[in-house]
Number of protein chains: 2
Amino acid sequence: MQVNIPLKQVIDNSYSITIDQLPQIELDTKVAIVTNPKVAGLHLSYLLSKISVKELYIITVPDGEEYKNQASIDTILESLFNHRFNRKSMLIAFGGGVIGDMVGYAASIYQRGIDFIQIPTTLLSQVDASVGGKTGMNNKYGKNLVGAFHQPKAVYIDPHFLTTLPSREFGAGVAEIVKMAVTFNKEFFEYLETADLKDPKVLQEAIKQAVETKASVVAQDEKERGLRAALNYGHTFGHVIENETQYKTYLHGEAVAIGIIMANQLAIKLGLMSEDEALRVENVFKKYNLPTNYAISNTETFYETFFLDKKSSDANITFILADGIGGVKMLDDIAKETVVSVLAQFGAC
Amino acid sequence: MQVNIPLKQVIDNSYSITIDQLPQIELDTKVAIVTNPKVAGLHLSYLLSKISVKELYIITVPDGEEYKNQASIDTILESLFNHRFNRKSMLIAFGGGVIGDMVGYAASIYQRGIDFIQIPTTLLSQVDASVGGKTGMNNKYGKNLVGAFHQPKAVYIDPHFLTTLPSREFGAGVAEIVKMAVTFNKEFFEYLETADLKDPKVLQEAIKQAVETKASVVAQDEKERGLRAALNYGHTFGHVIENETQYKTYLHGEAVAIGIIMANQLAIKLGLMSEDEALRVENVFKKYNLPTNYAISNTETFYETFFLDKKSSDANITFILADGIGGVKMLDDIAKETVVSVLAQFGAC
């Protein structure tokens, strides 16, 4: 005998992203702001002046990628249990990508899922990590290997928070903006070539363009079954660099910048990009003091480490390459020798 | 400025439940069967004779509700990482409700979600736990407080596995069958009053009816925003009983049976059910040697423990009561005195 469960449903996870000064946020429920001590010291009083809720709790977890782990998730969950949060309660992620990813993940598993809001405070999280519902944590096997797709109810991007951002972190955010432009929007890239992102008006416009690009990609492929993987441009290489340097030498966005440079060299080799186009990308990175080179000590080891990336299936690695400026191609049949010969260019610096 | 992410999508999580001898299962992917030593000893060779996959792994976790925890989830995840499972890999939950819930949860968070199949081996998991996509684990705060909604790709219910089921576990499954009948299907309840579930043909029919009822409820309210909560009939009381006895005295289904008896007494008090109807439910339980009484030592403490249940919001407890046989009412405004006076009936045994 057979019983069918028809679960073909229209699910509306739509939400809006506000890029502007933080509005007044009023919520008639129990709310926890989850942040780290650094962000709290700089910006919590400002956030509190904008928030009015039924019952408010502040949860802090240690600052840094090395704390994006089960222990921090447990800290968040335990606080929610101790304060008897229920299914109608709400979390607010207040910080960079690490905070956003962890709070989203905690929200996704607490009592099988509660709502959360993103208030990203770094450029990288404002243009990329806070949008799209990817949540998760790291473990000893790698980054973001445990997690869920869980969309926020709203994202508030207030460029005011960026005034205190260290310049390296600003650059790291620029790398993700460039990623969006090179793969999906030629005009946007040309704008970035001449614009000065240190100008607040220009920055706000660039954030909007980056977020629009990301939103459009996510709307087409929420769970990364195809197109969305294009947003990993530069990341396949970048993850190996982060792994080899134990996440200590480079910020994520910096490793992505180097990864994009590497991907572009591979694209040149395959005739997808011209030397000149690759140089234009590199020039934008240099404007914001992003690193563009990395000494690969062993190309074989570097290549093998690709396979630890969760986006790779057993036999093949999918490389995401720029197809000129403003285009993207995903290829899973590039010969190992081709890739290694490109990696060898980075061995001798 | 505002950017909208339109994520109104048609998501098809439909799947079918086969109630019959296990068919040949062929999967062209990496598969892990997750089970416990007891089930493996009894039935793994039978399952293996039915399975043909690309690459097969067997993961065992300790048997019992006390191991439905983070340590077991970690055991499963670590094995998947060590064997480089990817997003196209598949898990098979092979065991009772504990295994099913944990495997579903592990599948929901491994690399942000992979597929899994349920092959339940106890009556309780065949008629209830394996159907509907509720997954999770326990922690020190209570049962199933961390988890996700993650639907299986298929459920295979083979009554053959029940031939080795201890009679107490059989009864525990009957309690959940009765739950479905009393709340949603009067004819089915009348069938259960006269039928002998020890007869394999009758049992298969009862499983089918129970699963159909559950499937219909889940299809209407997958994420338990309303109707699905009715399936917690008997559970509000049952959870307190399990909590007070540290999950050691009663099987879950046994605590639910007592919980249903308590809920029915409350329903009588509120005029929703007749004494005779409550007695008919009790008689079915007695046929399968289910417990129907519990000595409440302190009605105040018992009442307070309701609030630890995650289904309750801050101020109110929602009681799920039979509205006669075949009907259900959810009430969140029952006076404490009314409830306590009913609890007092159970104090003096």
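Q: Which residues form the nonpolar patch on the surface of chain A, and what is their accessible area together?
A: Patches are made of residues with over 30% relative accessible area and no salt bridge (a side-chain nitrogen of Lys or Arg within 4 Å of a carboxyl oxygen of Asp or Glu), with nonpolar side chains joined within 5 Å and like charges within 9 Å. This is a predicted model, where local features need pLDDT of at least 70 and side-chain atom pairs count only at pLDDT 80 or more. Residues are numbered from 1 along each chain as its sequence is written. L48(A), L56(A) and I58(A) form the patch, and their area by the Shrake-Rupley method with a 1.4 Å probe is about 210 Å².

Q: Is I58(A) buried, partly exposed or exposed?
A: Let's place this residue: I58(A) is found in strand β5 (residues 51–60) of chain A, a strand being a DSSP E run of at least two residues. Buried means under 20% relative accessible area, exposed over 50%, and partly exposed in between. With a relative accessible area of 39%, I58(A) is therefore partly exposed.

Q: Where does R225(B) lie, and is R225(B) buried or exposed?
A: R225(B) belongs to a positive surface patch that also includes K153(A) and K223(B). Its place is the loop between α7 (200–220) and α8 (235–244) of chain B. Because its relative accessibility is 74%, R225(B) counts as exposed.

Q: Which residue of β9(B) stands opposite N139(B)?
A: Strand β8 (residues 134–139) of chain B is largely enclosed by the rest of the structure, because five of its six residues are buried. A hairpin joins β8(B) to β9(B) through two residues. The two strands pair in the antiparallel sense over five bridges, where pairing takes at least two DSSP bridges. Opposite N139(B) stands G142(B).

Notes. Chains are lettered from A and ligands numbered from 1 in the order in which they are written. Side-chain values use heavy atoms; hydrogens and water are left out. Buried means under 20% relative accessible area, exposed over 50%, partly exposed in between (1.4 Å probe, protein chains only). Helices (H or I, at least four residues) and strands (E, at least two) are DSSP runs, numbered from the N terminus. Lys and Arg count as positive and Asp and Glu as negative; His and the chain ends are not counted. The place of a charge is taken as NZ of Lys, CZ of Arg, CG of Asp or CD of Glu.
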